[in-house]
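Thank you all for making time for this. Please take a moment with the sequence and the model before I begin, and then we will go through the ligand site together.

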Amino acid sequence: MKKILLLCMALIGSLLLVAGCGGNTASKDGGSDKAKVLKVATNADFAPFEFQGADGKEYQGFDMDLIRALGKEMGMQVKIDNISFDGLIPALQTGNIDVAISGMSINDDRKKKVAFSDPYYEAGLTIMVKADNNNIKSFKDLQGKKIAVQIGTTSATEAKKIPNAEVKELNSSADTFLELKAGNVDAVINDKPVNDYYKVKNSDDSVKRIGEKLTLENYGIAMNKDNTELVKNLNEALKKLKANGEYNKIYKKWFGTDAPAAT
Ligand code: GLN
């Protein structure tokens, strides 16, 4: 009888142990489990926010530094995958990834599908044309013109509103620049910092930027709507990085100036 009792106690003990372990590994996103992986996706063809380094190994850019710093702040290991821009929201919805950081503008349409962090960068759309183009001086002049944009972006949405414009939707902003230089389109529409970075980084005299900004857009980090815990933790981490100067350090590295006070 005593033996059976001991056996039962041992059995209960080991069951409790197993249950305990299970509880640990199943800890919620952003929980205390230090080894927890934050599955991040981006479309790494959008310099200076995300692009593949020259060595082809590490993803670089403002967003990449920011998400690594946020992961560190949350005690999570950041794993970054490169996928198409229009695949980011579906990947969040199916739960294949935890966050998408990809210069993604917060807007009402996307807010129906995913949750966004607090804004972390203010952008907007601008035009770039060939340097010798004197007909296009503003968005109004794009009527009836051939325009290259990146698929699934706010540039694509806005370009499609321009009367009689022929809109070419390409896979990346880098592709839109190639199309412009090849003379296959009259103009490209991209986020201002992306047009600026391309022009300045490549010292490309064959293209010029039009100053007018069509929209004001705030970038946010997108997450699954059900993942309220992660949204909360990420926003807290973002606040911390803004308060402790880390955000500003990353901003200065990529844009050469201090971050505007509002961000
Ligand atoms: N900010 C734009 C958007 O959200 C472009 C983003 C991008 O091409 N990575 O649509």
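Where does the ligand lie with respect to domain 1 and domain 2? The ligand lies between them, because domain 1 (34–122 + 219–255) and domain 2 (125–215) both give residues to the shell around it, with the bounds taken from an automatic or database domain assignment. I should say early that this is a predicted model, in which local features need pLDDT of at least 70 and side-chain atom pairs count only at pLDDT 80 or more, while totals for chains, interfaces and linings use all residues. Residues are numbered from 1 along each chain as its sequence is written, and side-chain values use heavy atoms, with hydrogens and water left out.

The shell, meaning residues with a heavy atom within 4 Å of the ligand, includes Phe46, Phe85, Arg110, Asp191 and Tyr219. By class, the shell has four nonpolar, six polar and two charged residues.

Turning to polar contacts, that is, pairs of N or O atoms within 3.5 Å, a polar backbone atom of serine 102 is 2.8 Å from a nitrogen atom of the ligand. An oxygen atom of the ligand has a polar side-chain atom of glutamine 150 at 2.6 Å, and a backbone N or O atom of threonine 154 lies 2.7 Å from an oxygen atom of the ligand. Taken alone the ligand exposes 300 Å², of which the protein buries 99%, by the Shrake-Rupley method with a 1.4 Å probe.

Finally, the ligand sits in the largest cavity, which means that more than half of its atoms lie within 2 Å of the cavity's grid points. A cavity here is a set of points on a 1 Å grid over the protein atoms alone, where a 1.4 Å probe fits but cannot get out. Asn43 is one of the residues lining the largest cavity.

Methods. A polar contact is a pair of N or O atoms within 3.5 Å; within protein, one must be able to donate a hydrogen and the other to accept it, and residues adjacent in sequence count only if both atoms are side-chain atoms. On a 1 Å grid over the protein atoms alone, a cavity is a set of points where a 1.4 Å probe fits but cannot get out, and a pocket is an open set with protein on both sides within 12 Å along at least five of seven lines; lining residues have an atom within 4 Å of a point. Ala, Val, Leu, Ile, Met, Phe, Trp, Tyr, Cys and Pro count as nonpolar, Asp, Glu, Lys and Arg as charged, and the others, Gly among them, as polar.
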